[in-house]
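Here is a walk through one protein chain, from its overall build down to a few odd backbone spots. Have the sequence and the 3D view open as you read.

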Amino acid sequence: MINNELQHQRKLKTGTRVTRDLPAIGGAAVVATKADAGAVWGAVTADRAGARVDAAGDVDRIWLDGRRRVTLDHSVPQIGAPTAWAAGFTGKGVSVAVLDTGVDLTHPDLAGKVADARNFSEAAESDDIVGHGTHVASIIAGSGAASGGKYRGVAPDATLLSGKVCENQGCTDSAILAGMQWAAAEKHATVVNMSLSGTDFPEVDPLEQAVETLTAQTGTLFVVAAGNDGADGSVGSPATADAALAVGAVDRDDALADFSSRGPRVDGGLKPDITAPGVEIVAARAANGAIGDPVGEKYVSLSGTSMATPHVAGAAALLAQQHPGWTAGRYKATLMASAKPHPDQTAFQQGAGRVDLAHAITEQVTSDPPSVSFGVAAWPHGDDTPTARTVTYRNGGTAPLALDLTAEVTGPDGRAAPAGMFTLGASRLTVPAGGTAQVTVTADTRLGGLDGYWTGRLVARAGGATAVTPLAVNREVESYDLTVAHRDRAGKLTGDYFTTLIGLDGVVYRDVYDPDGEARIRLPKGRYGVNSLIYRPGDEGWTEVSMLAQPELVVSGDQRLTVDARRAKPVRSTVPQRGAAPLLIDLSANWSTDDFSAGFGLWAASFDGLYSGQLGPAVSDSLFVGALASQWTEPTAPERSPYFYALHEVFPGRMPTGYVRHYRPADLATVTHRFAAGYAGLDNERIVFPESDYNIGGSAIVVPVPVPGKRVEHYSTNRTRWSSELDFGQRGEDGWLEVRAVLASVPTRYRAGRTYREDWNSAPYGPSFPQPRWPEQGITRNGDTLVVDLPLHSDAAGHPGGSLNDTERTALYRNGKLLAEQATPGYGDFPVPPGAASYRLETSATRGFTDLSTEVSASWTFRSRHVPGDDWVRLPAMAVRFAPPLAVDNSAPAGRTFTIPVTVQRQPGAPAAPVAALTVDVSYDGGKTWRKAALHRQGAGWAATVRHPAGPGYVSLRAAARDDAGNTVTQRIIQAYRLR
């Protein structure tokens, strides 16, 4: 029996961050790594009825993998909110419903803001344990109380309604539908914010229909995230509903976010409708939230169209205060007409443009429809016929307006449309006060020459005022019909499948489905990857599933493809340990081109009924790699298992047609991991990730380990390195660990048949320079930007470590003068002048949840000047590392002489001069007084000899080093280790 939580994952190439809200499989939680910075991870499954649903619950995944630049105090002015406030519009008297993961009602920025809260989700608790809904709500109406007004929302006086429709594992359609009905029909919200998105299919789905019906019945405006797939044709439902105001995301410079989903809609319709800031937005942090990059105690930074959407919902609330008698269509039309178009973005990327409140509150002219879509003109185009649309302009002013009309349209090459391709029935139109007037717009796709998207805007000008109506047509490129037939293992056509095509000549995903098992899809000429699951449903899940992949399908004419589950063969592995069972099996198909990487995977907890197969010929491993991973422990109590197996095999250029292997001890590397005592009162989790030579990411189970204690782990070694984490924290009501401290290993390649030992969590915890995993890691300079990104709480063995801190600071001085400082630990992004100068970098952190390394600080001095080109240059920095031989409780014997091995670690890749001087000091009163330790050379390092006082207590350590080039480092660790 395949586990009921069987997953089919869509993976985009993204950073080495961990998504911690994916489902449990076989009793253990599952997390996933990603490969390079910049995108999102989702999960897709098929339900028993054969309909496809998003296992992430139709909610966009949010992540952050970069430096914070945009904050709410910038994005609110960016859209013109202060101008609206000055005019008296703050959202007062307007209700905005937030359908999300709930709202933390205790956050100071949201105190008294939520008039009513309901839980429609499957979670028992109403609290926001994800953090997404709280963040969204504060962008709309947060007071900024916890930041002195800095992170004030767009409509700070609006009234919020919180409908919890999502939990940590996503949302259900039934919960979303119930929340929509409650918000619009029962609570009569003026605006409903829906920062969630799922796959759009040609048919009208229940969420799209609900948007249409409730908008018509209640006049409520539904503002919906376009989605985070970042590809053409990827706008998600229900933003695809005609009545929805679909929102894409831009950065602080109005550049389109890489992740922002683009149109056209499946039927060629024009979506998204508008854009707003959505990159690295700082807003309220839920007390029990788990996502985002913390900014102090009360705020968190997140990116996504989920963050752009509440900017627009807040803007709609300000308009609603100004025009209380309007309904959804008028608000939508006004926001779109007044938007600020970006000259380098197509209508399928930005809709009307970035929301502009300063313009919206003065906008008098709107159009119906608010955007003009001519749909798809099928290839070839010699027999196309001109298509006309009627646009009705409304004048909301008290005097007639004479509008000058122009159609400003560009083709796929960015050049203006030729004369006659888009024509207007009139170039000048007079609209009476309070009245309407019409004009026709005609598209003739016989003209244009180039195939592709022709988009732009119909612009109405009256004096200095303008109104924008986006328009678009898809002059279809050379395209053909692909018919895909799906046959089960009995050879019969089946509707129990999930098939997706990946465009290999451009980032595009096309889902293929028809319940009778044979689906037809129109595709541009080109190359595609095909991934398909054909499964047999059972009473409690799936009894079998076949995963088939075709690495490359060339579409050059109408053709037929048969995905036949009979071509797939069994997948099975065993390990030497008797009684071991796989808690996670991850079978994946992974594509990579010069422009992007993508992958699909299958999660299961049993090999029973699991099959895989190749369609078509093998290809280069630079294009495609298949992979099979599994992780094994003692199945009944994995948290107490003394052993662990992690297997990972790659299949360059092909998907395996079945795979059976019985691993022997000689096939595996054996690593004994020993764990020193953890943190009092905190639980722990251990996660082990495969990192193949092909950069395809991977999955892992999350289980505790005995601390103090050990676990023997066995790894396969074929083209794979292994990295892992040891996390400590308090377990929340949802079962997830709220992390307080984390240690990680750098990716390590082991040899089969060899044994190794690794020690974890030994004090002291201090700064280190691990082997960098990305160019800016460490202390680096790029051009005229100096970047700091280093761990301050690495253990004695050198595992990079991070911590939840009470106070944090990183500051940069140039020629003795403070240049800038940030409230971050070991992290900063500092623009600097180009000339050569002497720098001093300081960083510090304090923490109170533990009695060890309660204060860590370091300071470096070096010289630096402008770095030409795009290279990252590592600066000459050092770290003094201590490795005292402590007991498992991180203590040393009191009342004795004690020797501490000391090394000076150089930043990898940086210029390295010999160490000219080193001093080590010790304190037994928390750093109030210090005494020098005797220091002598020992091997490649030094040994510091100290005399511990009698009785229990703590030892604090301080060090200073200088190299022959004059670069220095000073460090201090308060309560570095215990005395017993």
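Helices (H or I, at least four residues) and strands (E, at least two) are DSSP runs, numbered from the N terminus. With that in hand, proline 369 can be placed in the loop between strand E18 (365-368) and strand E19 (372-377). More on that proline further down.

A word on the source: this is a predicted model, where local features need pLDDT of at least 70, side-chain atom pairs count only at pLDDT 80 or more, and totals for chains, interfaces and linings use all residues. Residues are numbered from 1 along each chain as its sequence is written, and side-chain values use heavy atoms, with hydrogens and water left out.

**The whole chain**

The chain's secondary structure adds up to nine helices and 65 strands. Its radius of gyration is 30 Å, close to the 30 Å that the globule rule gives for 980 residues, so the chain is as compact as a globular protein of that length. Here the radius is taken over C-alpha atoms, and the rule is 2.2 Å times the number of residues to the power 0.38. Along the principal axes, the C-alpha atoms fill a box of roughly 95 × 70 × 55 Å.

How much of the chain is buried? Buried residues make up 59% of the 980; buried means under 20% relative accessible area, exposed means over 50%, and partly exposed is in between (1.4 Å probe, protein chains only). About 35,000 Å² of the chain is exposed, and carbon and sulfur atoms supply 48% of that. Accessible areas come from the Shrake-Rupley method with a 1.4 Å probe, and for residues only the protein chains shown count as cover.

Contacts (heavy atoms within 4.5 Å) mostly bridge long stretches of sequence: among those between residues at least 6 apart, 74% join residues at least 24 apart. As for charge, the mean positions of the 91 positive and 104 negative charges are 7 Å apart. Lys and Arg count as positive and Asp and Glu as negative, while His and the chain ends are not counted; each charge is placed at NZ of Lys, CZ of Arg, CG of Asp or CD of Glu.

**Two cores**

In soluble globular proteins, nonpolar side chains tend to be buried together. A nonpolar core here is a set of buried Ala, Val, Leu, Ile, Met, Phe, Trp, Tyr and Cys residues joined through side-chain atoms within 4.5 Å. The largest one has 61 residues, and Leu160, Val312 and Leu335 touch the most other members. Helix H6 (residues 305-322) gives the most to this core, with 10 residues. Leaving out residues up to four places away in sequence, valine 312 touches Val223, Leu245, Val247, Ile274, Thr275, Ala276, Leu335 and Val355.

A second, separate core holds 58 residues, including Phe675, Ile779, Phe882 and Leu918. Isoleucine 779 sits in strand E48 (residues 778-782) and is buried, at 0% relative accessible area.

**From H6 into H7**

Glutamine 322 belongs to helix H6. Not counting residues up to four places away in sequence, glutamine 322 touches Phe89 and Ile361. Histidine 323 is in the loop between H6 and H7 and counts as partly exposed, at 21% relative accessibility.

Why is helix H7 (residues 328-337) described as largely enclosed by the rest of the structure? Because eight of its 10 residues are buried; among them are Tyr331, Lys332 and Leu335.

Some C-alpha pairs show how sequence and space compare:

| Pair | Apart in sequence | C-alpha to C-alpha |
|---|---|---|
| Glutamine 322 and lysine 92 | 230 residues | 9.7 Å |
| Histidine 323 and alanine 796 | 473 residues | 63 Å |
| Isoleucine 779 and phenylalanine 769 | 10 residues | 9.0 Å |

**Backbone oddities**

Back to proline 369: a cis peptide bond joins aspartate 368 to this residue, with omega about 5 degrees. The bond from tryptophan 379 to proline 380 is also cis, with omega near -5 degrees, and proline 380 lies in the loop between E19 and strand E20 (387-395).

Asparagine 815 has a positive phi of about 50 degrees although it is not a glycine. Its loop runs between strand E51 (807-814) and strand E52 (817-822). Serine 853, also not a glycine, has a positive phi near 45 degrees and lies in the loop between strand E54 (837-846) and strand E55 (855-864).

Are these two loop residues buried or partly exposed? Asparagine 815 is partly exposed, with a relative accessible area of 48%, whereas serine 853 is buried, at 0%.
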